[in-house]
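Hi,

Here is the structure I said I would pass on. Have a look at it first, and then read my notes underneath.

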Amino acid sequence: MSDISVNDSVYEANMGDYFALLKPRVMSLVVFTALVGLLVAPVPVHPFIGFVGILCIAVGAGASGALNMWWDADIDSQMKRTAGRPIPSGRVAPGEALAIGLALSSFAIVLLALATNFLAAFLLAFTVFFYAVIYSMWLKRSTPQNIVIGGAAGAFPPMIGWAIATGGVSIESVLMFGLIFMWTPPHFWSLALFVKSDYGNAGVPMLTETHGRDATRRHILIYMLLLVPVALGLGLTSIGGPIYMSVAVIMNAWFLKGSYDIWRRTDADCEADKHAVEINAFKVSLYYLFLHFGALLAEAALRPYGLGGW
Ligand code: HEM
Ligand SMILES: CC(C)=CCC/C(C)=C/CC/C(C)=C/COP(=O)(O)OP(=O)(O)O
């Protein structure tokens, strides 16, 4: 970790600061996808075991957020969006964040192994490692493909949920992984298009900086086109059904339209409407993922009544 400028006086953290270390807003969607992975699996899980399993994923995800904030404190201190985070603002000591991240992730992995199975615990450990080490420590600062490869970390949670229930991996869990994996680039790059200068200032090699905004627009559309067959393909598996397919068709058309609109834009267009199209596409990306997983859940919930599924 390189130098960071923090207040060298007393660290005055409150509970909210420690909670913020866990990146709760982003992780809420991560935990939701894990919960869906667990609930749509064909093997019923005892509610208490299911609860403990999801708790472990939530704690592990939060812990990986704390490890990311510990490592990235120098970057975060240079970006307007992140300068107010607990470490760069001097409210939490870096060492404290590291200790919290290591303690919580170890706790979550061990508890998951004891309460469920080795595969689920292994996948959680790998995910924490992937986000904290492979993405944060290595890829983020070294390649504009950082979020494409690093995005795999965010794609594992439904696979962990599925593994808690079944003890295995399947085409369904691989496609849930694929859905988040292909979704991450358009999700993130649409955001990078309207917070561009921030990453530039911090020296993070985001695609917008290294290859320019036109290349980023092109990449958003390409990944979106790759995302559509994965999203529709998931609907053809045992966990899909008419509800999922209807949601997928509508949301893919919507997000595709957003990506197409971004692709057609110039910097002058962006200046003129203050990035309204990019901001809108970023918001659509959040609805997109939430509704796909929500629809999978609806299929599973209605199946006992003969309604969900094919
Ligand atoms: C490498 C992959 C990813 C990158 C680089 C990324 C980056 C970002 C950034 C920079 C924000 C801006 C706001 C913030 O910091 O809170 C954001 C927001 C968000 N991301 Fe991602 N993201 C990634 C993957 C994911 C994944 C896998 C999920 C969930 C499954 C997710 C869910 C969200 C949510 C829910 C928000 C909105 C948070 C809010 O309301 O403030 N992201 N993302
Ligand atoms: C179960 C488990 C361990 C889940 C982890 C899920 C995971 C890796 C989510 C990644 C989401 C995320 C906030 C990426 C942000 O990138 P960034 O950290 O570069 O964003 P920033 O600029 O906001 O710090």
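Below is what turned up, starting with the metal and then moving on to the salt bridges. One thing to keep in mind is that this is a predicted model.

**The iron and its surroundings**

Let's begin at ligand 1. Its iron atom has a single donor from the protein, and that is NE2 of H187, 2.2 Å away. If you want to find H187 on the chain, look in helix α9, which covers residues 171-194.

Another residue to click on here is A281. It belongs to helix α15, residues 276-302. In sequence A281 and H187 are 94 residues apart, yet their C-alpha atoms are 7.9 Å apart in space. Is A281 buried or exposed? With a relative accessible area of 2%, A281 falls under the 20% cut-off, so it counts as buried. And what does A281 touch? Leaving aside residues up to four places away in sequence, its contacts are S190, F255 and I262. S190 is worth showing along with H187 when you colour helix α9, since that helix runs over residues 171-194.

**Salt bridges**

Searching the whole structure gives eleven salt bridges. I'll go through three of them here.

The R141 and D72 side chains pair up at 3.3 Å, N to O. R141 sits in helix α6 (residues 118-142), while D72 is in the loop between α3 (47-71) and α4 (73-76), so this salt bridge ties together parts that are 69 residues apart in sequence. The two ends are not equally accessible: R141 is partly exposed at 30% relative accessibility, whereas D72 is buried at 0%.

Next comes R85 with D76, where the closest N and O atoms are 3.2 Å apart. Both R85 and D76 are buried.

The third is R265 with D273, and here the closest N and O atoms are 2.8 Å apart. R265 has a relative accessible area of 9% and is buried; D273, at 28%, is partly exposed.

Some of the salt bridges also share partners, which joins D72, D74, K140 and R141 into one network. So if you pull up R141 and D72, show D74 and K140 as well, because the four belong to that one network.

Happy to go over any of this when you have had a look.

Cheers

Conventions: Residues are numbered from 1 along each chain as its sequence is written. Chains are lettered from A and ligands numbered from 1 in the order in which they are written. This is a predicted model: local features need pLDDT of at least 70, side-chain atom pairs count only at pLDDT 80 or more; totals for chains, interfaces and linings use all residues. Side-chain values use heavy atoms; hydrogens and water are left out. Donors are N, O and S atoms within 2.8 Å of the metal (3.2 Å for Na, K and Ca); water is not among the atoms, so sites may look incomplete. Helices (H or I, at least four residues) and strands (E, at least two) are DSSP runs, numbered from the N terminus. Buried means under 20% relative accessible area, exposed over 50%, partly exposed in between (1.4 Å probe, protein chains only). Contact means heavy atoms within 4.5 Å.
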